[in-house]
Amino acid sequence: MTTTEIKTNDRTTAPATTVRSNPASARLDFAKTAPKVFRAVIGLDAAAREGLDPTLVELVQIRASHLNRCAYCLHMHTTDARKAGESEDRLHMVAVWQEADHFFTDRERSALALTDAVTRIGDAGVPDEVYDRAAAHFTEEELAHLLALIFTINTWNRIALSTAKRAGTDER
């Protein structure tokens, strides 16, 4: 592994993130190393999907994976979406859904906006107008499941990124 330095202000430098010299090897196999935790996330994922349109599920997972820069999950969910019949046009437009709103229904756009807000939650929280827009398109139960789906894909993204999973290597 090598370390680079970045300038943090005008006077100092600090180590940047470590660059893996062999990006082909994952850091650890999370499923084997923490099987109870892995199964719990799978359970949350399965429960979150209940009652939601499978197309919407994939769009949300693709969008969060874009935002989190998770190539592993992005590859997995675009592949799954294609298998489910999603069009290439819509898959390409997920990254820029705000500018390509005519590709998505009002319901899908409200889910994508909520995905953006929850994934980028930071200090601002989820704006009322984003939440209210989603609440107008989903029942309370659907909205709870949608939120759980967003929580879950963000968790999966963090697992894949933290363990250096490589896109195209999923074993499903």
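The protein chain exposes about 10,200 Å², and carbon and sulfur atoms supply 54% of that area. The model described here is a predicted one, and every value that follows is computed from it. Of the 172 residues of the protein chain, 36% count as buried. Read along the sequence, the chain follows the pattern β-β-α-α-α-α-α-α-α-α, which amounts to two strands and eight helices. Contacts also link parts of the sequence that are far apart in numbering: among those between residues at least 6 apart in sequence, 61% join residues at least 24 apart.

A helix that can be followed in some detail is α2, which covers residues 35-49. Helix α2 has 15 residues and reaches 21 Å from its first C-alpha to its last, close to the 21 Å expected at 1.5 Å a residue. The buried residues of α2 are V41, D45 and A48. Seen down the axis of α2, these buried residues fall within an arc of 70 degrees, so they line one face of the helix. What do the buried residues of α2 pack against? They pack against α3 and α8, while on the other side of α2 the residues K36 and R39 are exposed. After the helix comes G51, whose phi is positive, near 85 degrees.

One of the buried residues of α2 also takes part in a salt bridge. R49 forms this bridge with D45, and the closest N and O atoms of the two are 2.7 Å apart. Both residues lie in α2, four residues apart, which is about one turn of the helix. An α-helix has 3.6 residues a turn, so residues three or four places apart point the same way. The two partners nevertheless fall into separate classes of accessibility, since D45 counts as buried at 9% relative accessibility, whereas R49 is partly exposed, with a relative accessible area of 30%.

The count of salt bridges in the model comes to eight, and two further pairs can be set beside the one in α2. In the first of these pairs, the side chains of K32 and D29 meet with a distance of 4.0 Å from N to O. Here K32 is exposed, with a relative accessible area of 68%, and D29 is partly exposed, at 37%. In the other pair, the side chains of R109 and D106 meet in a salt bridge with an N to O distance of 2.0 Å. R109 and D106 are separated by about one helical turn, because they stand three residues apart in helix α6, which covers residues 106-119. R109 counts as buried at 14% relative accessibility, while D106 is partly exposed, with a relative accessible area of 42%. Elsewhere, salt bridges that share partners join E86, R90 and E108 into one network.

The backbone deserves attention at two more places. Most residues other than glycine have a negative phi, and most peptide bonds are trans. R69, although it is not a glycine, has a positive phi of about 60 degrees, and A164, also not a glycine, has a positive phi of about 60 degrees. Where along the chain is R69 placed? It sits in the loop between α3, residues 54-68, and α4, whereas A164 lies in the segment after α8, which covers residues 140-162. Are R69 and A164 buried or exposed? R69 is exposed, with a relative accessible area of 73%, but A164 is buried, at 16%, because buried means under 20% relative accessible area.

The path can end with Y72, which lies in helix α4, residues 71-83. Y72 is buried, with a relative accessible area of 10%. Which residues does Y72 touch, not counting residues up to four places away in sequence? They are A160, K165, R166, A167, T169 and D170. For one of these partners the backbone separation can be stated as well: the C-alpha atoms of Y72 and A167 are separated by 3.7 Å, although the two residues are 95 residues apart along the chain.

How values were computed: Residues are numbered from 1 along each chain as its sequence is written. This is a predicted model: local features need pLDDT of at least 70, side-chain atom pairs count only at pLDDT 80 or more; totals for chains, interfaces and linings use all residues. Side-chain values use heavy atoms; hydrogens and water are left out. Buried means under 20% relative accessible area, exposed over 50%, partly exposed in between (1.4 Å probe, protein chains only). Contact means heavy atoms within 4.5 Å. Accessible areas come from the Shrake-Rupley method with a 1.4 Å probe; for residues, only the protein chains shown count as cover. The expected span of a helix is 1.5 Å times one less than its number of residues. The arc is that of the directions from the helix axis to the C-beta atoms.
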